[in-house]
Amino acid sequence: MREKLSRLVGGHAPSLIREMFQRAAAYEDVISLGIGDPDFDTPEPICRAALADALAGHTHYTQSQGDPELLTALAANLNQRQKLACAPQDLVITFGGMGALAAAFRALLDDGDEVIIPEPFFPDYTSHVEFSGGVCVFSPTRIENGFAPEPEAIAAAITPRTKVLLINTPCNPTGAVIPGPTLDALAELAIRRDLVVISDEVYDRLTFGVAHQSIRDRPGMAERTLVIGSFSKNFAMTGWRIGWALGPRWLVEAILNVTTHNTSCPNSVSQRAAIAALAQPEATWEAMRREFAARCRLVHERLAAMPGVTVAPPQGSFYLFPRIAQIGGDGRRFALELLDRAQVVVVPGEAFGPSGVGCVRLACTVGLERLAQAMDRLERFLTTYRA
Ligand code: PLP
């Protein structure tokens with residue numbers, strides 16, 4: 001019966017991330033650096049506020065665009081951090097950043113429209129683009145260049161069918177933050193070649209020693225940029241599934257048209273939790289950011305001291321993306337043997353695009369002590385793996 005499946009959906013292979021996750025279930029005392037889900041639980045005041053609001057009757061459909069209180073609170077919050085003002089009408093609340101991405105491509109792409117994506121990249125982008133009939137065109141980045149998108153390579157990839165440039169800062173899987181001059185060059189390119197930019201900024205609060213900047217704030221970009229945001233990673237709320245799209249009205253209205261018919265509205269109780277999250281003292285989130293920074297620093301220091309491992313300094317998100325190609329073998333073989341012999345889960349770099357071959361992704365989503373143990377295991381494993 002498989003031939004009944006649609007051509008767009010039926011051909012998609014299950015992800016390598018999921019494969020590692022499933023394999024790990026067969027082992028004991030596993031340290032998983034595989035999945036990008038922070039170990040922090042959602043702070044208790046947020047859960048209590050959501051529960052109280054559910055008991056008070058916030059259990060109905062909300063407006064399709066989102067709970068008006070959340071739209072107002074989110075716009076106010078973003079205005080403190082974005083250079084260009086945003087109003088509640090510039091936002092749509094969605095089922096996670098994922099819901100915003102899916103609706104954005106649905107709203108923008110016709111069959112055969114091309115989307116340029118710097119890689120290594122977040123693998124779900126492929127499904128979002130292809131489920132909408134679009135075609136992904138990948139533009140490589142290099143570890144030597146801090147995995148920054150390369151405007152000249154992107155310009156060379158543009159064809160008459162190119163409609164969208166998709167960027168991600170801070171980046172999953174590389175941890176790179178796109179430098180300001182690169183954003184300037186990409187903005188200039190997008191305007192000159194008339195591209196829409198989707199800027200995935202779901203890790204925007206998680207930067208270490210560098211400031212997050214949005215391409216939307218570049219001159220002339222607000223009318224052609226869609227920012228994807230989320231409560232998942234920044235606020236330890238992955239399971240509540242609340243994100244948003246911020247963009248020009250022509251695009252936000254089309255996205256709203258898609259989300260209205262797909263989901264009616266986002267989950268009402270989760271939206272109440274998001275309102276409570278925005279009301280928390282900044283210190284709550286700053287403590288979490290510092291913890292991620294300390295974890296990424298520890299892992300970076302340990303990896304950098306391992307012979308044959310090359311690793312870029314962490315700038316944001318909570319991932320590191322070391323290259324282990326010098327040690328021999330590809331990322332998949334390395335990850336499988338590391339799981340089998342040392343019970344540490346990492347994700348093979350090829351899951352994130354051709355420039356990821358010979359690399360692995362580590363998510364610093366366990367505490368410092370456990371991360372140090374993972375690094376001890378990795379160090380021991382490397383001596384035998386090399387031999
Ligand atoms: N974008 C990137 C780069 C991600 O890493 C993720 C999740 O891992 C998402 C978007 C989607 O996040 P969510 O749907 O939980 O907001």
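This is a short dialogue on how to read a predicted model of one protein chain.

Colleague: Where do I start? How many helices and strands does the chain have?

Modeller: Remember that the model is predicted. The chain has 13 helices and 12 strands.

Colleague: What are the spans of the C-alpha trace along its principal axes?

Modeller: They are about 60 × 50 × 50 Å. The radius of gyration adds to that picture. A compact globule with 387 residues would have a value near 21 Å. The chain has 21 Å, so the two agree.

Colleague: What share of the residues counts as buried?

Modeller: Of the 387 residues, 55% count as buried. Buried here means under 20% relative accessible area. The accessible surface of the chain comes to about 16300 Å². Carbon and sulfur atoms hold 54% of that surface.

Colleague: What do the contacts say about residues far apart in sequence?

Modeller: Take contacts between residues at least 6 apart in sequence. Of these, 76% join residues at least 24 apart.

Colleague: And the charges? How many side chains are positive, and how many negative?

Modeller: There are 36 positive and 42 negative side chains. The centres of the two sets lie 2 Å apart.

Colleague: Now the backbone. What should I expect before I look for exceptions?

Modeller: Most peptide bonds are trans, and most residues other than glycine have a negative phi. Start with the peptide bonds. E119 and P120 are joined by a cis bond, with omega about 5°. P120 sits in the loop between β3 (114-119) and α6 (124-131). Another cis bond runs from T169 to P170, with omega near -15°. P170 belongs to the loop between β5 (162-168) and α8 (180-192).

Colleague: Which residue between β7 and β8 should I check for phi?

Modeller: Look at R241, in the loop between β7 (225-230) and β8 (242-246). Its phi is near 60°, a positive value in a residue other than glycine. S264 is another case: phi is about 65°, and S264 is not a glycine. S264 lies in the loop between α9 (249-263) and α10 (268-279).

Colleague: Why does R241 count as partly exposed?

Modeller: Partly exposed runs between the cut-offs of 20% and 50%. R241 has 31% relative accessibility, so R241 falls in that class. S264, at 34%, also counts as partly exposed.

Colleague: Last topic: aromatic rings. How is a pair described?

Modeller: By the distance of the centres and the angle of the planes. The count here comes to 16 aromatic pairs. One of them is Y203 with F318: centres 5.4 Å apart, planes at 85°. Planes over 60 degrees apart count as edge-to-face, so this pair is edge-to-face.

Colleague: Which parts of the chain does the pair of Y203 and F318 tie together?

Modeller: Y203 lies in the loop between β6 (196-200) and β7, while F318 lies in the loop between α11 (282-304) and β9 (319-320). The pair therefore ties together parts that are 115 residues apart in sequence. Both Y203 and F318 are buried.

Colleague: How do the rings of F321 and F352 pair?

Modeller: Their centres are 5.8 Å apart and their planes stand at 80°, so that pair is edge-to-face. F321 is in the loop between β9 and α12 (331-342), and F352 is in the loop between β11 (347-348) and β12 (360-363). The parts tied together are 31 residues apart in sequence. F321 and F352 are buried.

Colleague: Which residues form one aromatic cluster?

Modeller: F40, Y203, F292, F318 and Y319 do.

Terms used. Residues numbered from 1 in each chain as written. Predicted model: local features only at pLDDT ≥ 70, side-chain atom pairs only at ≥ 80, totals over all residues. Heavy atoms only, no water. Helix = DSSP H or I, 4+ residues; strand = E, 2+ residues; numbered from the N terminus. Buried < 20%, exposed > 50% of the residue type's maximum accessible area, 1.4 Å probe, protein only. Rg over C-alpha atoms; globule rule 2.2 N^0.38 Å. Contact = heavy atoms within 4.5 Å. Areas by Shrake-Rupley, 256 points an atom, 1.4 Å probe, with all protein chains shown as cover. Lys, Arg positive; Asp, Glu negative; His and termini not counted. Charge placed at Lys NZ, Arg CZ, Asp CG, Glu CD. Phe/Tyr/Trp six-rings, centres within 6.5 Å; stacked < 30°, edge-to-face > 60°.
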